[in-house]
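This report goes through one protein model, from its order of elements to its charged pairs. Look at the sequence and the structure first, then read on.

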Amino acid sequence: MRLVFTVAVSIFAAELLIMIGFHFLPLGPWIETFLDSSALTLLLAPVLYALIYRPLVAYAEAVELVNGRLEENARNLERDIHAKTVDLQQANERLEDRINELRQRDAQNALLSRMVEVLQSCIQAQEAYQIIRQTALQLFPGWHGGLSVLSASRNILESAISWGNSGMC
């Protein structure tokens with residue numbers, strides 16, 4: 001608002017000075033109009049330059065500087081977001097691996113618990129050997145192995161069962 005008032009007062013003052021000056025000169029209407037326009041332009045150009053053009057240029061430069069900083073900040077933010085996304089994806093993969101590992105252990109613990117419950121109900125060793133064999137096949141898929149027990153004389157290990165597809169046990 002102050003700018004508008006300053007420009008209006010400047011135009012009024014310049015036109016007033018010009019008209020007072022022309023009042024004392026005998027000029028034709030066309031020459032007076034041309035000189036009035038020219039003088040008004042010459043008097044107002046520095047005022048308009050100082051009050052409007054320079055501030056607008058300074059404002060435009062400031063806006064350009066701020067936009068440059070905003071673009072740089074946006075690039076940095078995108079880079080940081082990408083880095084954090086990669087970090088989060090890696091952390092998520094580690095968590096998924098850990099969850100799978102814990103699920104596998106939980107399944108193994110449940111299998112062993114079932115085996116213990118069933119073993120407690122066995123009356124003969126052969127029943128227990130078959131339960132152990134079935135559990136071992138589930139606990140160690142793709143592996144082969146066996147269970148040996150001490151003989152009654154306690155000096156020889158005898159193979160009680162084997163599992164897997166190798167003929168070694």
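## Order of elements

From the N terminus on, the elements of the protein chain run α-α-α-β-β. That makes three helices and two strands. The model is predicted. Helix H1 covers residues 2-23, and helix H2 covers residues 29-120. The strands are E1, residues 145-150, and E2, residues 157-163.

## Overall shape

The C-alpha trace of the protein chain spans about 145 × 30 × 25 Å along its principal axes. The radius of gyration tells a matching story: the protein chain has 49 Å, whereas a compact globule of 169 residues would have a value near 15 Å.

How much of the protein chain counts as buried? Of its 169 residues, 12% do. The protein chain exposes about 13,800 Å², and carbon and sulfur atoms supply 62% of that area. Among the contacts with a separation of 6 or more, 37% are between residues 24 or more positions apart.

## The strand pair

In which sense do strands E1 and E2 pair, parallel or antiparallel? The two strands pair in the antiparallel sense, over six bridges. Within this pair, Ser-148 stands opposite Ser-159 in E2.

The hairpin of E1 and E2 has six residues between the strands. In this hairpin Arg-154 takes a positive phi near 65°. A general point helps when looking at strands: in a regular strand the side chains alternate between the two faces of the sheet.

## A nonpolar patch

Which residues make the nonpolar surface patch of about 470 Å²? They are Phe-12, Leu-16, Ile-20 and Phe-24. Phe-12 has its place in helix H1. Phe-12 counts as exposed because its relative accessible area is 56%, and the cut-off for exposed is over 50%.

## Salt bridges

Side chains of opposite charge can pair when their charged atoms come close. How many salt bridges does a search of the whole structure find? The search finds three.

Two of the pairs share Glu-101 and are linked in a network with Arg-98 and Arg-105. Arg-98 and Glu-101 form a salt bridge at 2.8 Å, N to O. Both lie in helix H2, three residues apart, which is about one turn of the helix. Glu-101 also meets Arg-105 in a salt bridge, at 3.2 Å, N to O. Glu-101 and Arg-105 are four residues apart in helix H2, again about one turn of the helix.

Outside this network, Arg-79 forms a salt bridge with Asp-80. In that pair the closest N and O atoms are 3.5 Å apart.

## Exposure of the charged residues

Are the residues of the network buried, partly exposed or exposed? Arg-98 is partly exposed, at 39% relative accessibility. Glu-101 is partly exposed too, with a relative accessible area of 33%. Arg-105 has a relative accessible area of 44%, so Arg-105 is also partly exposed.

Asp-80, the partner of Arg-79, has a relative accessibility of 38% and therefore counts as partly exposed. The reasoning in each case rests on the range used: partly exposed lies between buried, under 20%, and exposed, over 50%.

How values were computed
Residues are numbered from 1 along each chain as its sequence is written. This is a predicted model: local features need pLDDT of at least 70, side-chain atom pairs count only at pLDDT 80 or more; totals for chains, interfaces and linings use all residues. Side-chain values use heavy atoms; hydrogens and water are left out. A salt bridge is a side-chain nitrogen of Lys or Arg within 4 Å of a carboxyl oxygen of Asp or Glu. Buried means under 20% relative accessible area, exposed over 50%, partly exposed in between (1.4 Å probe, protein chains only). Patches are made of residues with over 30% relative accessible area and no salt bridge: like charges are joined within 9 Å, nonpolar side chains (Val, Leu, Ile, Met, Phe, Trp, Tyr) within 5 Å. Accessible areas come from the Shrake-Rupley method with a 1.4 Å probe; for residues, only the protein chains shown count as cover. The radius of gyration is taken over C-alpha atoms; the globule rule is 2.2 Å times the number of residues to the power 0.38. Contact means heavy atoms within 4.5 Å. Two strands pair if DSSP finds at least two bridges between them.
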